[in-house]
Amino acid sequence: MTDVFFNAHAIWQYVALAAVIVALVFSFQSAMTPTAERVYRLTAIAVDIQVALGIVLWLADSGWDLGLLQGWIHPLVGLAALGVLHAYVSRARRASPEEGNKVFRTGIILATLLVVAAIGIGEMA
């Protein structure tokens, strides 16, 4: 059963990364649009799914026994990416349309770095 979650987590990481990159591109628009806001929410959902799959896999496979990188650093970096992404989506939605994309851009750049780091750490271990 853990193979199913492992494969889903391994495949979905690229969906989440693609969503983050698309959101990054949208963040360079001059003003927040309803489409951009939708893209930002869908990106957060894609990362939510990835983290949820990872948590289920971690629990099902006794992730705490996988070593420092795979068992602890990889999940913590993924959770940090999720937290940053949600925080900045929320802040961007409260900001003015002119400032919303600037606010989100900061968060999506940080989240992108964390997602890439989480993937890299996961691949190293």
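A helix, as I use the word in these entries, is a DSSP run of H or I with at least four residues, numbered from the N terminus. On that basis I place asparagine 101 in helix α4, which covers residues 97-124. I note at the outset that the model is predicted.

**Entry 1. Overall fold**

I looked up the secondary structure before turning to single residues. The protein has four helices and zero strands, and from the N terminus its elements run α-α-α-α. The radius of gyration is 15 Å, close to the 14 Å that the globule rule gives for 125 residues, so I record the protein as being as compact as a globular protein of that length. I also took the extent of the C-alpha trace along its principal axes, which is about 45 × 25 × 20 Å.

I then asked what share of contacts between residues at least 6 apart in sequence joins residues at least 24 apart. The share is 74%.

**Entry 2. Surface and charge**

I computed an accessible surface of about 6900 Å² for the protein, and carbon and sulfur atoms account for 71% of that surface. Buried residues make up 37% of the 125 residues. For charge, I counted 7 positive and 8 negative side chains. The centres of these two sets lie 17 Å apart.

**Entry 3. Asparagine 101**

Is asparagine 101 buried or exposed? Its relative accessibility is 0%, and the cut-off for buried is under 20%, so I enter asparagine 101 as buried.

I next listed what asparagine 101 touches, leaving out residues up to four places away in sequence. The list comprises Phe26, Ser27, Gln29, Ser30, Ala31, Met32, Ala36 and Tyr40. I followed up alanine 31 from this list. Alanine 31 is 70 residues from asparagine 101 along the chain, yet their C-alpha atoms are separated by 6.2 Å. The side chain of asparagine 101 reaches the backbone oxygen of alanine 31 at 3.1 Å.

**Entry 4. Alanine 36**

I took alanine 36 next, since the contact list of asparagine 101 includes Ala36. Alanine 36 lies in helix α2. Its relative accessibility is 0%, so alanine 36 counts as buried. Apart from neighbours within four places in sequence, alanine 36 is in contact with Phe26, Gln29 and Asn101. I note that Phe26 and Gln29 also appear among the residues that asparagine 101 touches. I also checked the spacing to valine 25, which is 11 residues from alanine 36 along the chain; the two C-alpha atoms are separated by 9.7 Å.

**Entry 5. Glutamine 50**

Further along helix α2, which spans residues 34-60, I examined glutamine 50. Its relative accessibility is 11%, so glutamine 50 also counts as buried. Which residues does glutamine 50 touch, not counting those up to four places away in sequence? They are His9, Trp12, Gln13 and Ala16. With histidine 9, I found a polar contact of 3.1 Å between the two side chains.

**Entry 6. Alanine 10**

My last look-up was alanine 10, in helix α1 (residues 2-26). Alanine 10 has a relative accessible area of 26% and is therefore partly exposed. I asked how far alanine 10 lies from glutamate 123, C-alpha to C-alpha. The distance is 9.7 Å in space, although 113 residues separate alanine 10 and glutamate 123 in sequence.

Technical notes:
Residues are numbered from 1 along each chain as its sequence is written. This is a predicted model: local features need pLDDT of at least 70, side-chain atom pairs count only at pLDDT 80 or more; totals for chains, interfaces and linings use all residues. Side-chain values use heavy atoms; hydrogens and water are left out. Helices (H or I, at least four residues) and strands (E, at least two) are DSSP runs, numbered from the N terminus. Buried means under 20% relative accessible area, exposed over 50%, partly exposed in between (1.4 Å probe, protein chains only). Contact means heavy atoms within 4.5 Å. A polar contact is a pair of N or O atoms within 3.5 Å; within protein, one must be able to donate a hydrogen and the other to accept it, and residues adjacent in sequence count only if both atoms are side-chain atoms. The radius of gyration is taken over C-alpha atoms; the globule rule is 2.2 Å times the number of residues to the power 0.38. Accessible areas come from the Shrake-Rupley method with a 1.4 Å probe; for residues, only the protein chains shown count as cover. Lys and Arg count as positive and Asp and Glu as negative; His and the chain ends are not counted. The place of a charge is taken as NZ of Lys, CZ of Arg, CG of Asp or CD of Glu.
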